[in-house]
Amino acid sequence: MRSIAVRLSLLVLLLAGTAIAADPPVQDLADGRTGKIYFESPTPAGFFALAKREALSKTVIFGTLVLPKKATGPVPAMVIAHGSGGVSHDREFWWADHLNDLGVAAFVVDSFTPRNIRETATDQTQLSTAANVADALAALRLLATHPKLDRQRIGVMGFSKGGQVALYTALEPFRRAVIDDQTRFAAHVPLYPACNSWQVSEHVTRAPMLMLLGGRDDYTPPGPCQEYAQWFKSKGTDVDVIVYANAYHGFDSLRPPVHARNVVTGVGCNYNANVDRFVVTVRATGEDITRSVASFSRTCVGKGATVGGDGEGRKKSPEDVKAFLKKVFAL
């Protein structure tokens, strides 16, 4: 029995070693590969840590690259950042299909599975969104080396938590923390992002942005996002905002709206985190809460929100994204 156990243990080790050896993280995509790609990304503890490049330990994550079937010459691409529920075929890969139909490559990044996380909707403390931002920027840096992609036409889109990624990757302090050269996203498309707490900087990339919001969203309400769009405009960013009047959070879903009582919301957390000066202030009053932001956050979070699809939002959002990308990427 002992010899059988030993042989089984050796077999497990051998198979584990084979799996690791078969999928090492790549440093570039000069070989033009597609499909599932492993690469290294930082895992910062928070946004200030990312901007300061503090203790940015490397994690091997992965994404799935899908090129348009009739791609000829270098094509544009979009990094797709998932929300708090992780990657799903019904959303992230549904959007990848729409992008491919337009002649745009899609790179669906999975920030959760490699870190042994299933979802963060009920507990956002499991992973700072700063890590998702770092993942998207590391993905951009990697895609810029692919011979079949146009490095000048790589954008980012995301949903909810991923929508924040599509917003915050436009801030230069975060970009410079991950990318050493001038490579930057050429377009940003956040869908129903959380906009109550803002990351702000005097230095933004000024790449064009399309923000898609649900008019009845009580998870990530549209009001603060419309205000955040005005802030980006004040920094020289061209921002278009479209609100689907009757849509709730996750309006691109096939599932009907339901009340999700366990999801954690930040609807009361209206503050600005300045990543130039590393100061946090309450947006309405200007009160400095840098030293007490953790306790402030515990008092401003809520629970429960309506989540689900909307016929108009699901139909129109791909049309609106395609129109935006046709203009930005000159398709």
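Is Cys195 buried or exposed, and what is its relative accessible area? Cys195 is buried, with a relative accessible area of 1%. The legends below describe close-up views of a predicted model.

**Figure 1. Overall view of the predicted model.** The protein comprises nine helices and 13 strands. Its radius of gyration is 20 Å, which agrees with the value near 20 Å that a compact globule of 331 residues would have. Along the principal axes, the C-alpha atoms occupy a box of roughly 70 × 50 × 45 Å. Of the 331 residues, 53% count as buried. Among contacts with a separation of 6 or more, 78% are made by residues 24 or more positions apart. The accessible surface amounts to about 15000 Å², and carbon and sulfur atoms contribute 53% of this area. The protein carries 37 positive and 31 negative charges, and the mean positions of the two sets lie 3 Å apart.

**Figure 2. The disulfide between Cys195 and Cys225.** This view shows one of the two disulfides in the structure. The S to S distance is 2.1 Å. The torsion about the S-S bond is about 90 degrees, so the disulfide is right-handed. Cys195 lies in the loop between strand 6 (188–191) and strand 7 (198–200), whereas Cys225 belongs to helix 7 (residues 222–234). The two cysteines are 30 residues apart, and the pair links distant parts of the chain. Cys225 is buried, with a relative accessible area of 0%; Cys195, at 1%, is likewise buried.

**Figure 3. The disulfide between Cys269 and Cys300.** The sulfur atoms of Cys269 and Cys300 are 1.9 Å apart. The link is right-handed, with 95 degrees about the S-S bond. Cys269 is in the loop between strand 10 (258–265) and strand 11 (271–274) and Cys300 is in helix 8 (residues 293–300), so the disulfide ties together parts that are 31 residues apart in sequence. Cys269 counts as buried at 6% relative accessibility, and Cys300 is buried with a relative accessible area of 10%. With bonded cysteines counted along the chain, the disulfides of the protein follow the pattern 1-2, 3-4.

**Figure 4. Helix 3 (residues 92–102) and its surroundings.** Helix 3 is mostly covered, with nine of its eleven residues buried. The buried residues include the aromatic side chains of Phe93, Trp94 and Trp95. Glu92, Ala96, His98, Leu99, Asn100 and Leu102 are also buried in this helix. The buried residues of helix 3 pack against several elements, among them strand 2 (58–66), strand 3 (75–81), strand 4 (105–110) and strand 5 (149–159). Strand 6 and helix 9 (311–328) also take part in this packing. Gly103 follows helix 3 and has a positive phi, near 95 degrees.

**Figure 5. The environment of Ala77 in strand 3.** Ala77 is buried, with a relative accessible area of 0%. Beyond its neighbours within four places in sequence, Ala77 is in contact with Val104, Ala105, Leu149, Arg153, Ile154, Gly155 and Phe329. The C-alpha atoms of Ala77 and Lys322 are separated by 13 Å, although these residues are 245 residues apart along the chain. Strand 3, in which Ala77 is found, is one of the elements against which the buried residues of helix 3 pack.

Terms used. Residues numbered from 1 in each chain as written. Predicted model: local features only at pLDDT ≥ 70, side-chain atom pairs only at ≥ 80, totals over all residues. Heavy atoms only, no water. Disulfide = S-S within 2.5 Å. Helix = DSSP H or I, 4+ residues; strand = E, 2+ residues; numbered from the N terminus. Buried < 20%, exposed > 50% of the residue type's maximum accessible area, 1.4 Å probe, protein only. Rg over C-alpha atoms; globule rule 2.2 N^0.38 Å. Contact = heavy atoms within 4.5 Å. Areas by Shrake-Rupley, 256 points an atom, 1.4 Å probe, with all protein chains shown as cover. Lys, Arg positive; Asp, Glu negative; His and termini not counted. Charge placed at Lys NZ, Arg CZ, Asp CG, Glu CD.
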